[in-house]
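Reader: Got a minute to go through this model with me? I'd like to pick through a few local details.

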Amino acid sequence: MSHRAFDHWFKNKGQNPAMAWTLSILWLLLIGWLAFGWNLGSTGLVDETEPLFAEAARQMTVTGDWITPFFNGETRFDKPILIYWLMAIAYKILGVNSWAVRLPSALSAFGLMGLVFYTLWSFGVVSPNQFQSKLDSNTHQTRRYWLCAGIGSALTALNAVTIVWARIGSADLLLTGCIDGALLSFFIGYTQPTKPKLQARWYLVFYVLIALAILTKGPVGIVLPGLIIGAFVLYIGNWREVWQEMRPVWGSVLILALALPWYVLVIWRNGWAFINSFFGYHNLERFTSVVNHHSEPWYFYFLVVLVGFVPWSIYLPMAIARLKFWQRSYWRSSNRSTQLGLFAWFWFIGVFGFFTIAVTKLPHYVLPLMPAASILVALMWSNLIRVESNSSFPASPSLLWSGWVNVVFLLALAGVFFWSPHFIGYDPAIVNPRQLIEQSGLPVLGCVIWSLTAVAIAIFLWHRRWGGVLMMNLLGFLAFLIFVFMPTGLLIDQGRQLPLRELSAIINKVEQPGEPLVMIGFKKPSLVFYTQRPVEYIQLYGDALTEMKKISVTHPEQPTLLILSQPEKLAAIGFKPDQYQNLGKSGTYQLIRISKSHF
């Protein structure tokens, strides 16, 4: 389709609001399905974190206790209650399976992507705010609106960090959806000072999402958005006006009414056990000290954003620089509806700085900044594309440099994938992981995809075609997602998690009433989820005999134990093949039944 033909087609479609919205929804469904829905439940739960959430939610449906989460007979106070409630509701609808476990995360990611699209459609380009006025504008301007929203929503979904965590049943993507949804709701309300009723509705959504964020992960759900919004309005200098518009006293009452009851009930039931574990260990200590050996250097999140937001991260410095956020007088005199880029900058740096200061560091902590980064880059790309000159590059040295860095980085990424089998270390849960990856051919395929993408981008760079660079980055990432990322997930699941599911099925068939199940050398929570029964974990082989004697005393009603471990470790403990009954072997694991008399 020629450039003029596309403009003519776009103009005809754009005159029909229903068609424009239909095309937008189809775009969101396509990208969202590829990123979050496709094969969502095709793999088993990933140890270690995911089964902890999944089993605690399943226990709620079994016991009827919807206040205190439990895992394997012990209270689990790592996170508040909302994620468990949503998983439990999904179990009621879909049954107990991987789909139900991951559905809250996937829906949170999809909803956030849609809200980013709406925000960029409304405020991504300086012009009137109403949808119909956009449709009535000229073809080029209408196309830029949709282009900005389409790019931003795609970038929000198509980055490695978001895709991974949208496909894992945990609280992290739900928290991101609540916090980022609240920030976007605030901004949409902030841009409507002349429409107090509409503004009040969006601020209402903001307060509701803040309450849900608090029910998802605690104080960070209000502290982080508060810091970002506070810094933004202080910089703009209209904080008094915004404070009055937001009616914070009324909003605080709403937040407390929604979030406080569960905290009151769980403290009433569990007292200081909850307070010390949740507020002390999982919030205060994680921020002020290293927890679970998750210590990383100060530049850790620079690397996470660079790799996790690839290939779009290459253009982040330019996207930030073009804002000229240091020109405070300009921003203070600008219309609120034109301040989305500045707000996204405060959002990005707020999340980045907050978790950089925190002592405990994990890659997914910066999930909430990914939509902000997507908005920044989308604003840059859409403003640089000039439809009048057939998407030619402006004469910008920094833009050209960013493009060539894009090419070099993708070639380096291709090399990393080609040599990736040599970087794979020993994994006791997988048989010959290096050989498994090499034989799949996926590293070579990843290398080919990124190499071809880099070459294509270099060609478009040479001819100064900006739209082509954008399109090739997008197509390259989609090709990688479809042909490498998803098959790799299935392959790892077959090698690492499938053996546990197979042996769990055997356990469910052969277990005797009251017979203890012991896992030695590993602590795989998925075993509890798939067997739907308590598991005794002994992580150190040297302690195995002593700990099994204790288990025998506490479970005197059964003369045997079910033991899951590695064959060579069973021999190291002192068990001989003629002392136990071999019930099954899969992957690196062996399941046996042994009489208590042997130890």
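Reader: First up, where is Glu 48 found?

Author: Bear in mind that this is a predicted model. Glu 48 sits in the loop between helix H2 (17-37) and helix H3 (49-63).

Reader: And what kind of peptide bond joins Asp 47 and Glu 48?

Author: A cis one, with omega at about 20°.

Reader: OK, what about Val 310 and Pro 311, what joins those?

Author: A cis peptide bond as well, and there omega is about 0°. Pro 311 is in the loop between helix H15 (300-308) and helix H16 (316-321).

Reader: Back to the H2-H3 loop. What's phi doing at Asn 39?

Author: Phi of Asn 39 is near 60°, so a positive value in a residue other than glycine. Asn 39 belongs to the loop between H2 and H3, and it counts as partly exposed at 26% relative accessibility.

Reader: And Asn 432, where does that one lie?

Author: In the loop between H20 and helix H21 (433-440). Phi of Asn 432 is near 50°, again positive in a residue other than glycine. Asn 432 is partly exposed, with a relative accessible area of 45%.

Reader: Since H20 came up, at what angle do H20 and H23 pack?

Author: About 20°, with the axes 12 Å apart. That makes H20 roughly parallel to H23, because angles under 35 degrees count that way.

Reader: Left-handed or right-handed crossing?

Author: The crossing of H20 and H23 is left-handed.

Reader: Which residues in H20 and H23 meet?

Author: From H20 you have Leu 399, Asn 406, Leu 410 and Phe 417; they meet Trp 466, Val 469, Asn 473, Phe 480 and Val 484 in H23. That contact divides into seven nonpolar residues, two polar and no charged.

Reader: Switching topic: Ser 526, buried or exposed?

Author: Ser 526 is buried, at 0% relative accessibility. Ser 526 is part of helix H24 (residues 526-531).

Reader: What does Ser 526 touch?

Author: Leaving out residues up to four places away in sequence, Ser 526 touches Asp 47, Pro 51, Gln 497 and Leu 500. Asp 47 is the residue joined to Glu 48 by a cis peptide bond.

Reader: Last thing, how many disulfides does the structure hold?

Author: Zero.

Reader: And Cys 148, is that buried or exposed?

Author: Cys 148 is buried, at 0% relative accessibility. Cys 447 is buried too, with a relative accessible area of 16%, because the cut-off for buried is under 20%.

Conventions
Residues are numbered from 1 along each chain as its sequence is written. This is a predicted model: local features need pLDDT of at least 70, side-chain atom pairs count only at pLDDT 80 or more; totals for chains, interfaces and linings use all residues. Side-chain values use heavy atoms; hydrogens and water are left out. Axes are lines fitted to C-alpha atoms, for helices over the stretch in contact, and angles run from 0 to 180 degrees between N-to-C directions. Helices (H or I, at least four residues) and strands (E, at least two) are DSSP runs, numbered from the N terminus. Angles under 35 degrees count as roughly parallel, over 145 as roughly antiparallel, 65 to 115 as roughly perpendicular and the rest as oblique. A crossing is left-handed if the near helix is turned anticlockwise from the far one by less than a right angle, and right-handed if clockwise. Contact means heavy atoms within 4.5 Å. Ala, Val, Leu, Ile, Met, Phe, Trp, Tyr, Cys and Pro count as nonpolar, Asp, Glu, Lys and Arg as charged, and the others, Gly among them, as polar. Buried means under 20% relative accessible area, exposed over 50%, partly exposed in between (1.4 Å probe, protein chains only). A disulfide is a pair of cysteine sulfur atoms within 2.5 Å.
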